[in-house]
There are 2 protein chains.
Amino acid sequence: MSISQPPEENLGVLVRQVRDGMFHLFEHKLAQSGLELNLSQYLVLKRLAYHGVQTATELARAIDHDAGAMTRLLDKLEEKGYLRRQPHQEDRRALQISLTEAGQALWATMQACGEASMAVAVSDLNDAEQDQLVSLLKRVRNTLESK
Amino acid sequence: MSISQPPEENLGVLVRQVRDGMFHLFEHKLAQSGLELNLSQYLVLKRLAYHGVQTATELARAIDHDAGAMTRLLDKLEEKGYLRRQPHQEDRRALQISLTEAGQALWATMQACGEASMAVAVSDLNDAEQDQLVSLLKRVRNTLESK
DNA sequence: AAATGATGATTGCTTTGACAACTATATCGG
DNA sequence: CCGATATAGTTGTCAAAGCAATCATCATTT
């Protein structure tokens, strides 16, 4: 069966390698652009750019992070002036986190890095193959998240 | 184009989710079996089980780890009695690392965890689809590692 | 309305892994 | 053979992320 034949070419190893490869490529591109940010911070900005105001919990879930890690990640981005924390209107426990002007400007640059990295990663696949890959990965992800 | 249409369904996010999903499932299965080991340690044992004696550098490269991280990882596994470090015969800088009896016994148990996790992950794909997925991922990986 | 339990955010603690500096040994150019 | 350089492994330091505990607030139940 397809699961465990070759010593180090199985699905688990491959997914890991691809993930790490994309990760390194992306962080390299960020550094090249003079941006001192990491992937997690990028994902938070992306989420805010696409979904507008969010709570810390929403952000944590979106990027699959611990709440404590999110607090500290937000500290850094707020400190650098890319986002602001405001009290939530209806829930006094929660925050309303949004991008500042600087954050929105930053997002444009980072988005370019993200798209460039992705383009490199899939440069050997045609459109149909890309769709196929995405479709297969979605099914695996859905299987996994349904435990 | 297929790269960046849906907000959070692109290849990068998916690879990340699948990798994390498989990772958590596997570590959960290890814990269930009463094994206090993590994925990296598993990968080292796997490498030793399949390739016999290895140097620390070979192991580090095999699991894509820093040399310093490898030293400490080996410390833990040696301390628990799963492997031994012996001086290399031809190169006095290097080590010959091999599994102990306990390490080989442990490997059998861990292998079962690994295969069970993998089986869950791909349970929604038929054999042809699994091969397709592996093939596409290999191409992406090869593209990435050729920079 | 009070009590109980759930949720949002923060903080302290720990583990993991990267990076850099260092030592010892090996290899290569002259 | 000798000096320069590269490689193997170890160690110190750091940042990122997970977990547990805490506090405040919300929701539910009676």
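**Close-up views of a predicted protein–DNA model**

**View 1. Ser40(B) at the backbone of DNA strand C.** In this predicted model, an N or O atom in the side chain of Ser40(B) lies 2.5 Å from a phosphate oxygen of DNA strand C, a polar contact being a pair of N or O atoms within 3.5 Å, where within protein one atom must be able to donate a hydrogen and the other to accept it, and residues adjacent in sequence count only if both atoms are side-chain atoms. The side chain of Lys76(B) likewise places an N or O atom 2.9 Å from a phosphate oxygen of DNA strand C, while for Leu95(A) it is a polar backbone atom that is found 2.8 Å from a phosphate oxygen of the strand.

**View 2. The protein surface near DNA strand C.** DNA strand C is surrounded by 23 residues (near meaning that a heavy atom of the residue lies within 4 Å), and the closest are Thr57(A), Arg72(A), Arg93(A), Leu95(A) and Ser40(B). Of the atoms of DNA strand C that come within 4 Å of the protein, 62% belong to sugar and phosphate. By residue type, the surface divides into 11 charged (Asp, Glu, Lys and Arg), 5 nonpolar (Ala, Val, Leu, Ile, Met, Phe, Trp, Tyr, Cys and Pro) and 7 polar residues (the others, Gly among them). Helix 4 of chain A gives the most to this surface, with 4 residues.

**View 3. The surroundings of Ser40(B) within its own chain.** Ser40(B) belongs to helix 2 (residues 39-51) of chain B, helices being DSSP runs of H or I with at least four residues, numbered from the N terminus. Ser40(B) is buried, with a relative accessible area of 16%, where buried means under 20% with a 1.4 Å probe and protein chains only. Leaving aside residues up to four places away in sequence, Ser40(B) touches Ile63(B), His65(B) and Leu73(B) (contact meaning heavy atoms within 4.5 Å). The side chains of Ser40(B) and His65(B) make a polar contact at 3.5 Å, and Ile63(B), 23 residues from Ser40(B) in sequence, is 7.2 Å from it, C-alpha to C-alpha.

**View 4. The two protein copies.** A turn of 180 degrees with a shift of 0.0 Å along the axis lays chain A on chain B with an RMSD of 0.1 Å, by least squares on the C-alpha atoms of residues with pLDDT of at least 70 in both. The two copies are thus related as by a two-fold rotation axis.

**Conventions.** Residues are numbered from 1 along each chain as its sequence is written, and chains are lettered from A and ligands numbered from 1 in the order in which they are written. Local features need pLDDT of at least 70 and side-chain atom pairs count only at pLDDT 80 or more, whereas totals for chains, interfaces and linings use all residues, and side-chain values use heavy atoms, with hydrogens and water left out.

Notes:
Helices (H or I, at least four residues) and strands (E, at least two) are DSSP runs, numbered from the N terminus. Buried means under 20% relative accessible area, exposed over 50%, partly exposed in between (1.4 Å probe, protein chains only).
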